[in-house]
Amino acid sequence: MSQDSATATEAARKLTGRRRREVVAVLLFSGGPIFESSIPLSVFGIDRQDAGVPRYRLLVCGGEEGPLRTTGGLELTAPYGLEAISRAGTVVVPAWRSITSPPPAEALDALRRAHEEGARIVGLCTGAFVLAAAGLLDGRPATTHWMYAPTLAKRYPSVHVDPRELFVDDGDVLTSAGTAAGIDLCLHIVRTDHGTEAAGALARRLVVPPRRSGGQERYLDRSLPEEIGSDPLAEVVAWALEHLHEQFDVETLAARAYMSRRTFDRRFRSLTGSAPLQWLITQRVLQAQRLLETSDYSVDEVAGRCGFRSPVALRGHFRRQLGSSPAAYRAAYRARRPQGVAESAATVVETMVPSQGPPSGRRGSPLSSAPVAMAAATGPGEHSLPGPDAFVPGRPGLPGQRSAP
């Protein structure tokens with residue numbers, strides 16, 4: 001969801017010079033994904049006053065020399081250059097072409113200058129990397145696609161990365177998770193500027209929910225963060241993923257890493273963008289989700305095979321992360337999946353999860369009361385391609401699965 005800041009009104013009063021809040025500059029770069037780039041163009045660049053949506057003035061600016069090549073080899077020519085940003089009260093960076101390459105220095109200077117003069121700066125998905133490179137996220141909360149959150153947290157340790165959120169509003173600097181979350185943030189901006197009715201009217205025109213609930217948790221993958229592979233902590237993380245069926249806590253992981261709990265927490269967060277306990281609970285819930293989909297184990301057995309101390313602990317964390325009880329999730333999943341598919345997948349899971357008896361009831365494990373964290377939507381590399389659980393008209397959706405726009 002979002003973190004709404006009370007400083008938005010104050011930020012609006014700081015606008016200087018020719019800048020106007022209703023003037024929105026969208027900063028495009030070569031190599032940027034076309035979906036993310038099109039979101040602010042559609043939200044702020046089309047006149048929908050007939051539907052009760054106040055009009056913005058859109059300035060599409062090239063962040064570097066054109067033509068700009070985008071998804072599918074398309075070439076774009078931006079009508080404005082970086083100089084046009086000097087008139088904008090809102091500057092949007094839809095996405096950045098590569099999380100490993102630095103943005104152009106001229107574009108970073110333009111963003112810093114715009115922020116100093118009171119402009120609202122927005123980063124969609126990997127656009128957060130551009131804002132971070134400009135120093136605009138230092139000491140601030142921010143989010144990005146869950147897959148890139150660990151890299152953002154590691155590369156810019158002064159940024160408070162929260163991979164659970166769909167978007168974060170810190171007043172004059174705003175960031176969103178991947179792809180569809182960019183729509184959520186743009187609607188939030190319209191809501192902030194012109195109220196709920198205007199945002200609702202725009203959402204109806206776009207045929208999307210005016211405000212989505214939840215965060216990125218349900219999209220989370222169990223794969224290791226991109227940059228952890230060469231780190232000594234990778235072995236501990238890999239061990240944890242292979243032994244989720246066993247009961248262990250963060251102290252166990254810290255001991256395996258030959259670190260104190262405090263040092264381990266700090267090191268783990270810098271690598272993954274999440275506290276180790278939060279990450280561990282999320283991985284256990286994801287494993288439970290797979291077992292519910294692919295096996296006939298009872299909920300009690302699933303809890304034991306995922307390292308939870310009790311079925312009650314599983315149910316609480318499962319509901320917080322997926323918005324459903326384990327039993328209801330399984331029933332809905334089976335109602336919309338061919339039986340043969342579930343049976344074949346069950347064989348695969350059986351080879352991954354060793355047989356495990358009832359949990360030992362080991363004391364001292366905090367897993368039953370800790371909050372669930374980590375998070376996402378889609379981003380560069382998976383541009384809203386429908387997966388096996390994508391919405392299909394006429395089929396019941398999974399509990400906790402957002403309705404299709």
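Thr 179 is buried in this predicted model, because its relative accessible area is 1%, under the 20% cut-off for burial. Thr 179 sits in the loop between strand S10 (173-176) and H6. Its backbone is worth a look too: phi of Thr 179 is near 30°, a positive value in a residue other than glycine. As background, most residues other than glycine have a negative phi.

From that loop, let us step back along the chain into S10. Val 173 and Thr 175 point one way from this strand, Leu 174 and Ser 176 point the other way, and all are buried. The general pattern behind this is that side chains in a regular strand alternate between the two faces of the sheet. What are the pairing partners of S10? Strand S6 (residues 120-123) runs parallel to S10 and is joined to it by 3 bridges, with Val 122 opposite Leu 174. Strand S9 runs antiparallel to S10, also through 3 bridges, and here Val 168 stands opposite Thr 175. S9 and S10 form a hairpin with 3 residues between them. Gly 171, in the turn of that hairpin, has a positive phi of about 90°.

Now for the whole sheet. It is an open sheet of 6 strands in the order S2-S1-S5-S6-S10-S9, and its pairing is mixed. Which strands stand at the edges? S2 and strand S9 (167-169) do; each has a single partner strand, so one side of each is left without a neighbour in the sheet. On average, neighbouring strands are turned by 20° against each other, direction ignored.

Moving along the sheet brings us to strand S1 (residues 20-28). Of its 9 residues, 7 are buried, so S1 is largely enclosed by the rest of the structure. S1 pairs with strand S5 (residues 88-93) in the parallel sense over 4 bridges. Among the matched positions, Ala 25 has Val 91 of S5 as its bridge partner, and Val 24 has Thr 90. S1 also runs parallel to strand S2 (residues 57-62), with 6 bridges joining the two. In that pairing, Leu 28 stands opposite Gly 62 of S2.

How do S1 and S2 fit together with a helix? S1, helix H2 (residues 34-45) and S2 make a right-handed β-α-β unit.

Next, follow the chain from Thr 179 in the other direction, into the helices. Helix H6 (residues 180-194) and helix H7 (residues 196-206) pack at an angle of about 145°, and their axes are 7 Å apart. H6 passes H7 in a right-handed crossing. Which residues make the contact? H6 contributes Leu 187, Val 190, Arg 191 and His 194, while H7 contributes Thr 196, Ala 198, Ala 199, Leu 202 and Ala 203. Sorted by class, this contact has 6 nonpolar, 2 polar and 1 charged residues. A general point helps in reading such a list: an α-helix has 3.6 residues a turn, so residues three or four places apart point the same way.

Further along is helix H8 (residues 233-242). Here 7 of the 10 residues are buried, so H8 is largely enclosed by the rest of the structure. The buried residues are Leu 233, Ala 234, Val 236, Val 237, Trp 239, Ala 240 and Leu 241.

Our last stops are around H10. Tyr 258 lies in the loop between helix H9 (250-256) and H10. Is Tyr 258 buried or exposed? Tyr 258 counts as exposed, because its relative accessibility is 78%, over the 50% cut-off. Like Thr 179, Tyr 258 is a residue other than glycine with a positive phi, in this case near 60°. Leu 271 belongs to helix H10 (residues 261-272). With a relative accessibility of 3%, Leu 271 counts as buried. Leu 271 and Leu 152 are 119 residues apart along the chain, and their C-alpha atoms are separated by 9.4 Å.

How values were computed: Residues numbered from 1 in each chain as written. Predicted model: local features only at pLDDT ≥ 70, side-chain atom pairs only at ≥ 80, totals over all residues. Heavy atoms only, no water. Axes fitted to C-alpha atoms, helices over the stretch in contact; angles between N-to-C directions. Left-handed = near helix turned anticlockwise from the far one by under 90°. Contact = heavy atoms within 4.5 Å. Nonpolar A, V, L, I, M, F, W, Y, C, P; charged D, E, K, R; others polar. Buried < 20%, exposed > 50% of the residue type's maximum accessible area, 1.4 Å probe, protein only. Pairing = 2+ DSSP bridges. Right-handed = clockwise from strand over helix to strand, strands pointing away.
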